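Biologist: I would like to learn how to read a structural model feature by feature. Could you take me through one slowly, with the general idea before each case?

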Amino acid sequence: MQAKKEIEINFSDELKLITQKDMLKHDKIYNVLIENETINVKLSGIEFNECHLKKVDFTKIELEKITFIDCIFDNCDLSNSILSRNSLIRCKFNNCRLVGFSVEDYTLHNVLFDNCALKYSNFANSKIKNVIFRNCNMDEGRFCENKFDGIFFEDSSLLNIEILKCNMKDVDLSTSQIEGVKINPSDLYGVIVNYNQALLLSRLLGIVIKE
């Protein structure tokens, strides 16, 4: 069984409020509060460490070589944004909008998405270690050729999601909705489902069940 670790983030000092203009002056941003900002320029090569982001709008922005460590995102909008070639480490996303959100060649380690809108999100080819999706809408999202080392779906909607070429052993889908899931039968070994989900997935294996 996968061992889930809850994500704990504690800021060491009082956070300093900064603006988008301040962000562009540094390649390392530490112990700050960013609130009610709309990011309208491409960000690249910046490390955010112990940052609290509240109601920040990142929509349609490319975040290249950006690292977030010990960061909390509250009510932020990252819809259609692209995170590429770096990592999220010990981060929380609370009540965030991430429709069409995409990570490319990315590492997610100890990350919680709680009550987030992740429809059409794309996590293909990313390394995922102890990542929790709790009460999220992930309909029509995509995982492909991911390396899973602890992924947890809790009470989430995974309607019509694609999970392709991923090792699903010990991945628990039992509390989530999976109707229309697209998954290779060969990847189903060891997946954890409830009774009704087992009936649903049996069709992918060509099994006919008589009542």
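The dialogue that follows goes from strands to aromatic rings, then to loops and polar side chains.

Biologist: What should I know before I begin?

Modeller: This is a predicted model, in which local features need pLDDT of at least 70 and side-chain atom pairs count only at pLDDT 80 or more, while totals for chains, interfaces and linings use all residues. Residues are numbered from 1 along each chain as its sequence is written, and side-chain values use heavy atoms, with hydrogens and water left out.

Biologist: How are strands and their pairing defined, and which strands pair with strand 6?

Modeller: Helices (H or I, at least four residues) and strands (E, at least two) are DSSP runs, numbered from the N terminus, and two strands pair if DSSP finds at least two bridges between them. Here strand 4 (residues 47-54) pairs with strand 6 in the parallel sense over six bridges, and strand 6 is also joined by six bridges to strand 8 (residues 87-94), again running parallel. At the level of single residues, leucine 53 has phenylalanine 73 of strand 6 as its bridge partner, and isoleucine 69 has isoleucine 89 of strand 8.

Biologist: Is strand 6 buried or exposed?

Modeller: Buried means under 20% relative accessible area, exposed over 50%, and partly exposed in between, computed with a 1.4 Å probe on protein chains only. In strand 6 (residues 67-74), eight of the eight residues are buried, so this strand is largely enclosed by the rest of the structure. As a general point, the side chains of a regular strand alternate between the two faces of the sheet.

Biologist: What would an open sheet look like, and what is the strand order in the one with three strands?

Modeller: The open sheet of three strands has the order 12-14-15, with parallel pairing. Strand 12 (142-144) and strand 15 (182-183) stand at the edges with a single partner strand each, so one side of each has no neighbour in the sheet. Strand 12 pairs with strand 14 (residues 162-164) in the parallel sense over three bridges, and phenylalanine 143 stands opposite isoleucine 163 in strand 14.

Biologist: How do I read aromatic pairs, and how many are found in the whole structure?

Modeller: Rings of Phe, Tyr and Trp (its six-membered ring) pair if their centres lie within 6.5 Å; planes under 30 degrees apart count as stacked, over 60 as edge-to-face, and the rest as tilted. A search of the whole structure finds 13 such pairs. One of them is the edge-to-face pair of phenylalanine 68 and phenylalanine 73, at 5.2 Å centre to centre with 70° between the planes. Phenylalanine 73 also forms a stacked pair with phenylalanine 93, at 4.3 Å centre to centre with 5° between the planes. Phenylalanine 73 lies in strand 6 and phenylalanine 93 in strand 8, so this pair ties together parts that are 20 residues apart in sequence. Both phenylalanine 73 and phenylalanine 93 are buried, and phenylalanine 68, at 2% relative accessibility, counts as buried too. One aromatic cluster includes Phe68, Phe73 and Phe93, and among its further members are Phe48, Phe101 and Phe143.

Biologist: What is unusual about the phi of lysine 60 and of lysine 65?

Modeller: Most residues other than glycine have a negative phi. Lysine 60, in the loop between strand 4 and strand 5 (62-64), has a positive phi near 65° and counts as exposed at 68% relative accessibility. Lysine 65, in the loop between strand 5 and strand 6, has a positive phi near 55° and counts as partly exposed at 41%.

Biologist: Which residues is aspartate 57 in contact with, leaving aside neighbours within four places in sequence?

Modeller: Contact means heavy atoms within 4.5 Å, and on that basis aspartate 57 is in contact with Glu37, Thr38, Ile39 and Asp77. Aspartate 57 is found in the loop between strand 4 and strand 5 and is partly exposed at 24% relative accessibility. Leucine 78 is 21 residues from aspartate 57 in sequence, and their C-alpha atoms are 6.4 Å apart in space.

Biologist: Which side chain makes a polar contact with that of asparagine 130?

Modeller: A polar contact is a pair of N or O atoms within 3.5 Å; within protein, one must be able to donate a hydrogen and the other to accept it, and residues adjacent in sequence count only if both atoms are side-chain atoms. The side chains of asparagine 130 and asparagine 110 are joined by such a contact of 2.8 Å. Asparagine 130 lies in strand 11 (residues 127-134) and is buried, with a relative accessible area of 6%.
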